[in-house]
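Trainee: I would like a close look at one part of this model. Please start from a single contact and work outward.

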Amino acid sequence: MCSKHFKELDMSSQSLFYRARMKLRMPPATAILLFIYLIVSFSHLVNAQLNLTLPNQHPYPESVVHQLQRKVNESRLLLQTTVRDNKCQSTGNPIDDCWQCDPNWAKDRQRLADCSIGFGQGAMGGKGGQIYVVRDSSDRDTVNPTPGTLRHAVVQEEPLWIVFAADMVIKLKHELIINNYKTIDGRGANVHITGNGCITLQYVSNVIIHNVHIYNCVPSGNTNIRSSPTHVGWRGKSDGDGISIFGSHNIWIDHCALSHCTDGLIDAIMGSTAITISNNYFSHHDDVMLLGHDDKYLPDSGMQVTIAFNHFGEGLVQRMPRIRRGYVHVVNNDFTHWQMYAIGGSANPTINSQGNRYTAPDDPNLKEVTKREDTDNGQWDEWNWRTDGDTMVNGAFFVPSGQGLTNQYTKAYSVDPKSALLINQLTANAGVLGGSRDNSISISPQGGATEGSGRGHAQSNSGSVDLFGMIFSGTGAQSAAPPTTTPILLSFFILLTLYITITNQDAQLSIPCLHLL
C-alpha cells in the first residue's frame, strides 16, 4: 500500500519525501544541544570517577584529620585526670587507651577493632567472627596449608580473629596471602613472621595486623599459592616487602616491629586507600615505606593514609614515607634517624605533617626533612605540603609548599595538633607490646630469630586440635562491597538509550512508509 502511494507521487513530491527522510536521520537540534550540555557539565565528574577517586576514599579528608585530633585531645585530658584520680594509667595515646585499661582485655579481644583512628578506622578485621587459634608454626605447603597454621587461618572466607597459642617463629615458605576480614592478633604471645615473601594484601579489605615482629623478608615465588579455600593461583616473584598492600582498603597495621626486608617494610600501591599505620617501630632499612604505585597511575590520587604514633628509629635511610599522589596525614611520630631524608614525594601529593619530632643527623647536608623526587622547583611550588606544630631538632627543617590548591583536596591546615613535646609519651610503647618492642634482639645472622625459637609448635592438651575458640555475639562482618558503578556514566547511557528509542519511534510514527525508501 505504501509503495503504491509513493510511486503515484510526482518527482517534486518524491524529492521532498527524500529530504524529509534525511532530516529524520539527523538528531534534532535540541537533542544535540542537550547532549553537548551533559558532556560539558559532567565531564570533570566523569574524569574524577574514572581516574581520581576510589570507592572507599573519604570525600572530606580534613574532617578525618579533625576527628583524629579530637580523640588525641580526649586522651590527653584522660591522662591528666587518671594521674590525679589514681585510676588506670592513661598513655595519652587514644588507640592504646581504648583497650589497655581493661584488665580483662584478653576476654574481649575484638574490642580492638573499635580503637583505630584516621583513614583506616573502618577496618573491621575479623570482628564478629570466630577466634582461630594458631598452634603450629610450620609453613610446609602453600597449596594445602595444614590446619592450625597461620596460612590455613588467613585464607579462609569467613571473618576470623586469629590468635596464637604460644610464642612462635613462623618462617614462611612463600608469601602469605591474606583474605578479607582477618585480624592477626599477636597480643599475649611473642610472634615472629619472617622468611620468603612475607605478608601480601591483594584486592582485599578489612584486615588488621597487630603486635607481631616482621623482618628478613626476601623475594620468592614462581609457584602456586592458595589465597582462598576455592582458589589457588600461580604467583610470580615477590619483591620481598614486609607488608605489601595492593589494591586494598580498610587496612590497619598497629604495634608491629618491622626491619631488614629486601624491598619496602610497608608498601601501599595500585589504588589502595583507607589505611592507618600506627604505633609501629621501624628500624634498619633503606626504603621504609612507599605509598603510590607510579607518578602516572591516577587512581592513587584517591589514596588516603594516616601515619600516627610510630617510631622511625636506628638504621633507616629514606622513605618515611615516599608518596605519589594521594593525601597522607603524618601526625605525632618520632623521627630519630635518616641518612637521606624523612618524607619525600612526587606527582603532587598532599602531605599534612602535624606534631611530629624530626631529629636530623649530624651531617650538615642531611638536615632537610623533605625531598621532592625528580621534580624542578617550579613544578612543586603549588604542592600542598604543610608542617604544623612539628618540633625540629639538631637543625632539621621542613620545606613547605602549596599556595595554589588543586581540585582534589582542601588545604591541609592547622587543627591544633598535639604538641610534639609529648612525643615521648605518645610513642613510648611503639612497636610490639609485651617484650622487645623492636627487632634488635630477634635477628640472627642466619635470618632466624634468637628469641622464642623452639617454642613455635604448641599442641592442644586434649589431643585434638581446637582451631576455633569462642564465638562472640553480635552481627558478623559484612562481605566486602564490590566497587560501585559510576552513576554518571550509567545515567548517560540511560539517557542515550531513551533518546535513540524515542527518535526511532518518532520517525516510524511520522512516516510509516519510510522503511521502504
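Which residue forms a salt bridge with aspartate 139, and how far apart are the closest N and O atoms?

Mentor: Keep in mind that this is a predicted model. The partner of aspartate 139 is arginine 151. Their closest N and O atoms are 2.6 Å apart. Aspartate 139 sits in the loop between strand 1 and helix 6 (150–154), while arginine 151 belongs to helix 6 itself, so the salt bridge ties together parts that are twelve residues apart in sequence.

Now check the burial of each partner. Aspartate 139 has a relative accessible area of 11%. Buried means under 20%, so aspartate 139 counts as buried. Arginine 151 is buried too, with a relative accessible area of 2%. As a general point, side chains of opposite charge can pair when their charged atoms come close.

Next, set that pair beside others. The count of salt bridges comes to ten. One of them joins the side chains of lysine 127 and aspartate 114, at 2.6 Å from N to O. Both residues lie in the loop between helix 5 (94–99) and strand 1 (130–134), 13 residues apart. Lysine 127 has 30% relative accessibility, so it counts as partly exposed. Aspartate 114 is partly exposed as well, with a relative accessible area of 46%.

Another salt bridge links arginine 319 to aspartate 287. Here the closest N and O atoms are 3.9 Å apart. Arginine 319 is in the loop between strand 22 (316–318) and strand 23, and aspartate 287 is in strand 18 (residues 285–287), so this pair ties together parts that are 32 residues apart in sequence. Both arginine 319 and aspartate 287 are buried. Salt bridges with shared partners also join Arg109, Asp185 and Arg187 into one network.

Strand 23 leads us to the strand pairing. Strand 19 (residues 289–291) and strand 23 (residues 322–324) run parallel and are joined by two bridges. Within that pairing, leucine 291 has isoleucine 323 of strand 23 as its bridge partner. Both strands belong to an open sheet of eight strands, in the order 4-7-12-15-19-23-26-29, with parallel pairing. Strand 4 (176–177) and strand 29 (370–372) stand at the edges. Each has a single partner strand, so one side of each is left without a neighbour in the sheet.

Now turn to strand 8. Strand 8 covers residues 205–210, and six of its six residues are buried. Strand 5 (residues 182–185) pairs with strand 8 in the parallel sense, over four bridges. There, threonine 183 stands opposite isoleucine 208 of strand 8. Strand 8 also pairs with strand 13 (residues 249–254), again in the parallel sense, over five bridges. In strand 13, tryptophan 252 is the bridge partner of isoleucine 208. Isoleucine 208 therefore has threonine 183 opposite it and tryptophan 252 as a bridge partner.

One last stop is asparagine 356. This residue lies in the loop between strand 27 (350–354) and strand 28 (357–359). Asparagine 356 is buried, because its relative accessible area is 0%. Follow the chain back to valine 331, which is 25 residues away in sequence. In space, the two are 5.8 Å apart, C-alpha to C-alpha.

How values were computed
Residues numbered from 1 in each chain as written. Predicted model: local features only at pLDDT ≥ 70, side-chain atom pairs only at ≥ 80, totals over all residues. Heavy atoms only, no water. Buried < 20%, exposed > 50% of the residue type's maximum accessible area, 1.4 Å probe, protein only. Pairing = 2+ DSSP bridges. Salt bridge = Lys/Arg side-chain N within 4 Å of Asp/Glu carboxyl O.
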